[in-house]
Amino acid sequence: MHARSPSFSPWRGPFLKVWLLRACSTLGGQVLAFAVTLRLYEASGSALDLGLVGLVQFLPGFALAIPAGQLVDRFAPARVAIGVQSVNALAAAMLLVPGLSKDGLTALLFAAALATGATRAFDHPVNTALLPSVVPDRHVARAVAWTTSIAKMGTLAGPILGGMLYALSPAADYAVACGLFLLGIVAAGTIPAIVRSATAPALDLRAAFAGFSIIRRDRVLGGAMLLDMVAVLLGGATALLPVFAKDVLHVGAAELGILRAAPAVGAVLTGLWLARHPVERHAGRVLVATTLLFGALTCGFGLTQSLVPACALLCGIGAADMISIHIRSALVQLRTPPELRGRVGAVNGLFISSSNQIGAFESGVTAYWFGLVPAILLGGGATIAATAAIARLFAPLRRVDRLADTPAPPARPRQRQPV
């Protein structure tokens, strides 16, 4: 197995199309989101509208997550991706309509936010179902590192590109985003379709929520997702960066931008390393150890009082998070039966998006109650304690060794067919 691993190349075959799809989708989404929020504020001058646009993006993604997973399992995920990118391209294209009134422009900006928020519900189900269908199991961990790295790069580069284009014209942002989504459609259209079984999942509630059922039964998947929730919910120090930069480090907007970029830099560099050197052994223990490290680095960040150590610790937080994502994503894709990957991916995405939102809220509340530095230390310490408890409760997760040797358990102990 070791000898055949280097034969994987991201630059050929169907995986290249999956990689391009992820790159275009992420970068286009970031460019469009930057332009929509800035243009909305310029048009309305209301900070409330910025809060509302975030809500407009979050609610449809949350509401559609479970149906999205079922659709991905019922139809070829690449074909679903074509539909998703088509909606995104349409959302960007309609903002190019000239001569709009202030009210008309505001309405279109909210409509674009609503459309792209809805399509986000499909990101995790499509990614979870698509990658194992074009990559052999022994290469899934390496492929996960490549796709996660390009997503992190898009998240890092998107606002920078969006700002440069916006300086020319908001229309340049919309046009480039639309072009990226169209390129994503081309990439998705060339991915070989997955052959589905003759018995597609029924469109009913039991089938829709089957992803929750398998996560509940599988102690490895359940423990891995719980670890992710704990880290995001309790260790969300990055949500407090604007306050930390101003009140602790006493730095301005430029330094705040560097602080915001630091976790992504650590994640990208680590992802590129993992693409060449994926976790080969003791994956469960490495997952637990990196989550503990995430908590410890968060505590260290809370204690620092100067810019350079703060950036270094944030890079370390991003690196630890990237290793955790690498192992957890590979486990989800390898241990989930193929016919349930979309629905399990939907549940995973639902956990992640909800944890991000609630984690930011939790960080703000604890900082208000206890003060900024105590809140960060409390979050990091709680992450360490909760990780230790989860590692003890989910012993099968700790015992996972090679990622490629973790076969998917049966979808169901043979099952009552819906009438």
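## A salt bridge within helix H1

Glutamate 42 is partly exposed, having a relative accessible area of 47% (partly exposed lies between buried, under 20% relative accessible area, and exposed, over 50%, with a 1.4 Å probe and protein chains only). Its side chain meets that of arginine 39 in a salt bridge with an N to O distance of 3.7 Å; a salt bridge places a side-chain nitrogen of Lys or Arg within 4 Å of a carboxyl oxygen of Asp or Glu. Arginine 39 also counts as partly exposed, at 23% relative accessibility. Because they are three residues apart in helix H1 (residues 14-44), arginine 39 and glutamate 42 are separated by about one helical turn. An α-helix has 3.6 residues a turn, so residues three or four places apart point the same way.

The model is predicted, with local features requiring pLDDT of at least 70 and side-chain atom pairs counted only at pLDDT 80 or more, whereas totals for chains, interfaces and linings use all residues. Residues are numbered from 1 along each chain as its sequence is written, and side-chain values use heavy atoms, leaving out hydrogens and water.

## Overall composition

The protein's secondary structure amounts to 17 helices and zero strands; these elements are DSSP runs numbered from the N terminus, helices being H or I runs of at least four residues and strands E runs of at least two. Of the 419 residues in the protein, 50% are buried. The protein exposes about 18,400 Å², of which carbon and sulfur atoms supply 68%; areas follow the Shrake-Rupley method with a 1.4 Å probe, and for residues only the protein chains shown count as cover.

Among contacts between residues at least 6 apart in sequence, 89% join residues at least 24 apart, a contact being heavy atoms within 4.5 Å. The structure holds six salt bridges, including the one between arginine 39 and glutamate 42.

## Aspartate 218 and helix H10

Arginine 335 and aspartate 218 form a salt bridge in which the closest N and O atoms are 3.0 Å apart. Arginine 335 belongs to helix H14 (residues 307-335) and aspartate 218 to the loop between helix H9 (210-217) and H10, so the pair ties together parts 117 residues apart in sequence. Arginine 335 counts as buried at 13% relative accessibility, and aspartate 218 is buried with a relative accessible area of 6%.

Aspartate 218 also has a role at the start of H10, where one of its side-chain oxygens reaches to within 2.9 Å of the backbone nitrogen of valine 220. The 16 residues of H10 (residues 219-234) should span 22 Å at 1.5 Å a residue, and the end C-alpha atoms are 22 Å apart, which agrees; the expected span is 1.5 Å times one less than the number of residues. Buried residues of H10 include Val220, Leu221, Met225, Leu227, Asp228 and Val232.

## Aspartate 173 in helix H7

Aspartate 173 is found in helix H7 (residues 170-189) and counts as buried, at 0% relative accessibility. Leaving aside residues up to four places away in sequence, aspartate 173 touches Val31, Phe34, Ala35, Leu161, Gly162, Leu165 and Tyr166. A polar atom of its side chain lies 3.4 Å from the backbone nitrogen of tyrosine 166. The C-alpha atoms of aspartate 173 and leucine 32 are separated by 6.4 Å, although these residues are 141 residues apart along the chain.

## The loop between H12 and H13

The side chains of arginine 281 and aspartate 401 meet in a salt bridge at 2.7 Å, N to O. This pair links distant parts of the chain, 120 residues apart: arginine 281 is in the loop between helix H12 (253-276) and helix H13 (283-303), and aspartate 401 is in the segment after helix H17 (395-398). Arginine 281 is partly exposed at 38% relative accessible area, as is aspartate 401 at 24%.

Histidine 282 is also placed in the loop between H12 and H13. Its phi is near 55°, a positive value in a residue other than glycine, and its relative accessible area of 35% makes it partly exposed. Histidine 250, in the loop between helix H11 (241-249) and H12, has a phi near 55° and counts as exposed at 62% relative accessibility. Most residues other than glycine have a negative phi.

## A nonpolar surface patch

Leu48, Leu52, Leu55 and Leu59 form a nonpolar patch on the surface, together offering about 370 Å² of accessible area. Patches are made of residues with over 30% relative accessible area and no salt bridge, joining like charges within 9 Å and nonpolar side chains (Val, Leu, Ile, Met, Phe, Trp, Tyr) within 5 Å. Leucine 55 is found in helix H2 (residues 47-74) and is partly exposed, with a relative accessible area of 43%.

Technical notes. A polar contact is a pair of N or O atoms within 3.5 Å; within protein, one must be able to donate a hydrogen and the other to accept it, and residues adjacent in sequence count only if both atoms are side-chain atoms.
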